[in-house]
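Here are some short exercises for getting to know a structure step by step. Try each task yourself before you read the solution.

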Amino acid sequence: MRAATAALLVAAAMLLGLRLGRPLHYSDGAVQHDGRDLANASMLQWGAPEPWCELPGPVAGRIAQAPDGRLVYGRLGADGTSDLCVFDPSRPAVPPEPLFALNTAANELSPCFAADGRLSFASDRDGGRGGYDLYEAPSWRGPAAAVRPIDACNTALDESDPACSPDGSLLVFVRSDRRID
C-alpha cells in the first residue's frame with residue numbers, strides 16, 4: 001500500500017512539473033511570445049524573411065557578424081578550399097578581404113564570435129586530432145600564432161559549426177563521423 005501511494009505521489013508530482021514547468025518562449029526576432037499564450041492559438045504566422053545583404057560567394061558554412069558589424073564567413077576559392085574572409089555590408093562594392101592571419105592551405109569555415117571578441121571556427125588544418133577540428137583566436141585581427149585548437153572539444157571525428165552562447169560561457173558545436181552515412 002505504501003509503495004502504491006508513493007508511486008501515485010511521484011506520478012502526480014511529475015504531472016504537475018510537466019504542467020507548470022519552465023514556460024517556453026518563441027520569438028519572431030521582434031516580439032517574444034509566451035508559449036502558454038500560444039497554446040490556444042490556432043496559428044501564429046511569422047512574416048516572410050527579408051534578405052539583409054548579398055554575400056560575394058560562394059559561401060562555405062555559417063556566417064558570423066563581427067563586433068564592428070562586418071561579416072566573417074568561409075568563402076570557397078578557385079582551388080576548392082575555403083578561407084575565412086571579412087565583408088562589410090555597408091560597402092558592398094568592396095570585395096571581401098581574406099583573413100590571412102587565420103587562414104592556412106586547408107579549409108577554414110563556420111566562424112562564431114564570443115561576447116569578448118574571441119573567434120572560434122572549424123578547420124581541417126594540419127596538427128588537428130582528425131578531420132575538422134575547432135580552433136580559437138583571441139581576436140579575428142590577431143596574429144596567426146594566437147590561433148589554438150580547442151582541445152576540450154576536438155576528437156578524431158569532425159567537429160564543426162561552433163556557436164557561442166551570448167555570455168560566452170558555452171560553446172555548442174556539431175560532431176559527425178564521416179564513416180557513417
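Before we begin, one definition: a residue is buried under 20% relative accessible area, exposed over 50%, and partly exposed in between. Please also keep in mind that this is a predicted model.

**Exercise 1. Find out how many helices and strands the protein chain has, and in what order they run.**

Solution. Start by counting: the protein chain has two helices and twelve strands. Next, walk from the N terminus, where the elements read α-β-β-α-β-β-β-β-β-β-β-β-β-β. Then look at burial: of the 181 residues, 31% are buried. Finally, turn to the surface, where about 12,000 Å² is exposed, with carbon and sulfur atoms supplying 58% of it.

**Exercise 2. Work out the strand order of the open sheet of four strands, and say how its strands pair.**

Solution. Strands of a sheet pair through backbone hydrogen bonds, either parallel or antiparallel. Here the order is 7-8-9-10, and the pairing is antiparallel. Strand 7 (108–113) and strand 10 (148–149) each have a single partner strand, so they stand at the edges with one side lacking a neighbour in the sheet. For a closer look, take strand 7 with strand 8 (residues 119–123): four bridges link this antiparallel pair. In one of them, Glu108 has Ser123 of strand 8 as its bridge partner.

**Exercise 3. Describe how strand 11 and strand 12 are joined.**

Solution. Strand 11 (residues 158–164) and strand 12 (residues 171–176) run antiparallel, and five bridges join them. Asp158, for example, has its bridge partner, Ser176, in strand 12. Now follow the chain between the two strands: the hairpin has six residues there, and Gly168 takes a positive phi near 80 degrees.

**Exercise 4. Locate the aromatic pair and decide whether its rings are buried or exposed.**

Solution. The structure holds one aromatic pair. Its members are Phe121 and Tyr135, which are stacked, with 6.1 Å centre to centre and 25 degrees between the planes. Phe121 belongs to strand 8 and Tyr135 to strand 9 (residues 133–137), so the pair ties together parts 14 residues apart in sequence. Now apply the cut-off of 20%. Phe121 has 0% relative accessibility and is therefore buried. Tyr135 is buried as well, with a relative accessible area of 4%. One more neighbour is worth finding: Arg125 lies over the face of Tyr135, at 4.9 Å from the ring centre.

**Exercise 5. Trace the salt bridges of Arg118 to Asp116 and Glu136, and compare how accessible these residues are.**

Solution. Side chains of opposite charge can pair when their charged atoms come close. Arg118 meets Asp116 at 2.8 Å, N to O. Asp116 is exposed, with a relative accessible area of 54%, while Arg118 is partly exposed at 25%. Arg118 also forms a salt bridge with Glu136, whose closest N and O atoms are 2.8 Å apart. Glu136 lies in strand 9 and Arg118 in the loop between strand 7 and strand 8, so this pair ties together parts 18 residues apart in sequence. Glu136 counts as buried, at 10% relative accessibility.

**Exercise 6. Say which parts of the chain the salt bridge of Asp151 and Arg129 ties together.**

Solution. The two side chains meet at 3.9 Å, N to O. Asp151 sits in the loop between strand 10 and strand 11, and Arg129 in the loop between strand 8 and strand 9, so parts 22 residues apart in sequence are tied together. Asp151 is partly exposed, with a relative accessible area of 44%, and Arg129 is partly exposed at 47%.

Methods:
Residues numbered from 1 in each chain as written. Predicted model: local features only at pLDDT ≥ 70, side-chain atom pairs only at ≥ 80, totals over all residues. Heavy atoms only, no water. Pairing = 2+ DSSP bridges. Buried < 20%, exposed > 50% of the residue type's maximum accessible area, 1.4 Å probe, protein only. Areas by Shrake-Rupley, 256 points an atom, 1.4 Å probe, with all protein chains shown as cover. Phe/Tyr/Trp six-rings, centres within 6.5 Å; stacked < 30°, edge-to-face > 60°. Lys NZ or Arg CZ within 6 Å of the ring centre and 35° of its normal. Salt bridge = Lys/Arg side-chain N within 4 Å of Asp/Glu carboxyl O.
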